[in-house]
Amino acid sequence: GMTTMPWLPWHASLGFAILAIVALRIAWRLVASGPDRPHTSMFAILRISVQICLYALIVAIVMTGWLAYRPLPLMPPLRLFGVWQLPAGPHIGAWSARDLASVHRSLVWAFLAFLGIHVAGAAWHALVLRDRVFGGMLFGRARGTSSERPGGSSPSVEGVADDPPSP
């Protein structure tokens, strides 16, 4: 008998919705300035690298999922949100749907690893540095520099540059 995957339309719909949100987020980031985060260059390089990897992995996950979609001959077309028909992806050389699905799964695991790094960075800001960066992540852009803490004190953490107090 034919294998059915009743979850696939919602899985694909969620993937493309996430891709649309990421595209909007990248477009917003290109036109709006980000918060001032005056950390050492090591932290800036780490932050930017993790963010780029997260965005690239999301795009790659969606693309490999789409490329792995190979409808069986009598299978009804896949519809995103039950409305838009998703065309089958083009064939990529000798890559089978199973190969692409395996890459898709591996990319998801890589994404989860980078997401863990991202969450660890957010926890570092919230619990160790106690700066306004974490609040900016949750509630919008933080005002002032990332080293400002409630009460006007600045954290003293080895490897993190302290900013002079603002006048």
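Let's start at Trp109, which is exposed, with a relative accessible area of 63%. Bear in mind that this is a predicted model. Trp109 sits in helix H3, the run covering residues 97-129. So what does Trp109 help to make there? Together with Val108, Leu112, Leu115 and Val119, Trp109 makes a nonpolar surface patch of about 460 Å². Trp109 can take part because a patch residue needs over 30% relative accessible area, and Trp109 has 63%.

Now hop over to the aromatic rings. How many aromatic pairs turn up in a search of the whole structure? Just one. The partners are Phe81 and Trp84, with ring centres 6.4 Å apart and planes at 85° to each other, an edge-to-face arrangement. That fits the label, because planes over 60 degrees apart count as edge-to-face. The centre-to-centre value of 6.4 Å also falls within the 6.5 Å that a pair needs.

Are the two partners buried or exposed? Trp84 is exposed, at 55% relative accessible area, while Phe81 is partly exposed, at 39%. The labels differ because exposed takes over 50%, with partly exposed lying between that and the 20% limit for buried.

Last stop: Val59, in helix H2, which spans residues 41-68. Val59 has 33% relative accessibility and so counts as partly exposed. Which residue can you look for from here? Try Gly15: Val59 and Gly15 are 44 residues apart in sequence, and their C-alpha atoms are 9.3 Å apart in space.

Definitions and conventions: Residues numbered from 1 in each chain as written. Predicted model: local features only at pLDDT ≥ 70, side-chain atom pairs only at ≥ 80, totals over all residues. Heavy atoms only, no water. Phe/Tyr/Trp six-rings, centres within 6.5 Å; stacked < 30°, edge-to-face > 60°. Buried < 20%, exposed > 50% of the residue type's maximum accessible area, 1.4 Å probe, protein only. Helix = DSSP H or I, 4+ residues; strand = E, 2+ residues; numbered from the N terminus. Patch = residues over 30% accessible without salt bridge, like charges linked within 9 Å, V, L, I, M, F, W, Y side chains within 5 Å. Areas by Shrake-Rupley, 256 points an atom, 1.4 Å probe, with all protein chains shown as cover. Salt bridge = Lys/Arg side-chain N within 4 Å of Asp/Glu carboxyl O.
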